[in-house]
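Me: Please pick one part of this model and go through it closely. I would like to know how it is built, which way its residues face and what lies against it.

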Amino acid sequence: MSILDVQHIEKNFGATKVLKDINFSLDEGQVLAIIGSSGSGKTTLLRCLNFLETPNTGRIVVRGETLFDAADPATQQEKEIRRKRLHFGLVFQSFNLFPQYTALENVTLAERLMAKERPDFKANKKKILAAIDAEGMALLEKMGLKERAGHYPHQLSGGQQQRVAIARALALHPDILCFDEPTSALDPELTGEVLKVIRGLAEQHTTMIIVTHEMSFARDVADQVLFMDGGVVVEQGSPEAVFYHPQQERTKQFLDKFNGD
């Protein structure tokens, strides 16, 4: 069953076309890896899906609901956009944790703010916040960070910070979890621990979109691979098809070094 349909997405920055007629779909429980050289439009596409950028044209549909339609201003109202962002969880390459909050507080902050809007919050404040904290602790334990719940970001390694960021994204129960180069800010020795967590999520059939430069990881974890170049989707298909039987010359050039290792 298709959980995400991206239709004819285009994005311009001034006269520069960064995304050109992007189309793809993703089934529930699948992992989509987006690969390509720097400047190919991968991160911009991810930002459009998370409504951090507004596409100039196209539609974004999740579970049959049109979240964005460039031709329909009603889908672009700020209140609606805030609600629709909850369908996606985004893990940034630079962690983006709040330095003044502990690991647990970073994970639970958004849920705590949203809880205040509940009509029963005042009457059940302690119970609601306790439940949020318990869920946050469970997520940190899942990330192998239960003992670090009270630590601040500066007291954590880069890999630990990124795992806190993953827990924070999962806390809001997104339909689709997105990663923007999740290991690019890490030392090589810390990369493995983050990739291990993402592999575990894939094994649990978490629906994910991963922008990555880790080619072997993309090949092994993804159900679909999308290769971008110059703002267009040059090739897409199964990892087997894209990595070992590419049809486009540009894909072959990009993958030559990887397949030659």
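Reply: What follows is a close look at helix α4, and then at a pocket lined in part by its packing partners.

The model is predicted, with local features requiring pLDDT of at least 70 and side-chain atom pairs pLDDT 80 or more, while totals for chains, interfaces and linings use all residues. Residues are numbered from 1 along each chain as its sequence is written, and side-chain values use heavy atoms, without hydrogens or water.

Helix α4 covers residues 125–142 (helices are DSSP runs of H or I with at least four residues, strands runs of E with at least two, numbered from the N terminus). Its 18 residues, at 1.5 Å a residue, should span 26 Å, and this agrees with the 26 Å between its end C-alpha atoms (the expected span is 1.5 Å times one less than the number of residues).

Six positions in α4 are listed as buried: Ile 128, Leu 129, Ile 132, Gly 136, Leu 139 and Leu 140 (buried is under 20% relative accessible area, exposed over 50%, partly exposed in between, with a 1.4 Å probe and protein chains only). Viewed down the helix axis, these buried residues lie within an arc of 110 degrees, so they line one face of α4 (the arc is taken from the directions from the axis to the C-beta atoms). An α-helix has 3.6 residues a turn, so residues three or four places apart point the same way. Lys 126 and Lys 127 are exposed on the other side of α4.

The buried residues of α4 pack against α3 and α5 (contact is heavy atoms within 4.5 Å). After the helix comes Gly 144, with a positive phi near 75 degrees.

Both partners of α4 also take part in a pocket. The largest pocket holds about 880 Å³ of space (a pocket is an open set of points on a 1 Å grid over the protein atoms alone where a 1.4 Å probe fits, with protein on both sides within 12 Å along at least five of seven lines, and lining residues have an atom within 4 Å of a point; the volume is that filled by probe spheres on the points, joined across faces, edges and corners). It has 24 lining residues, with Arg 85, Leu 86, Ala 110, Met 114 and Leu 172 closest to its centre. Helices α3 (103–115) and α5 (158–171) are among the elements that each supply at least two lining residues, and α3 gives the largest share, six residues.
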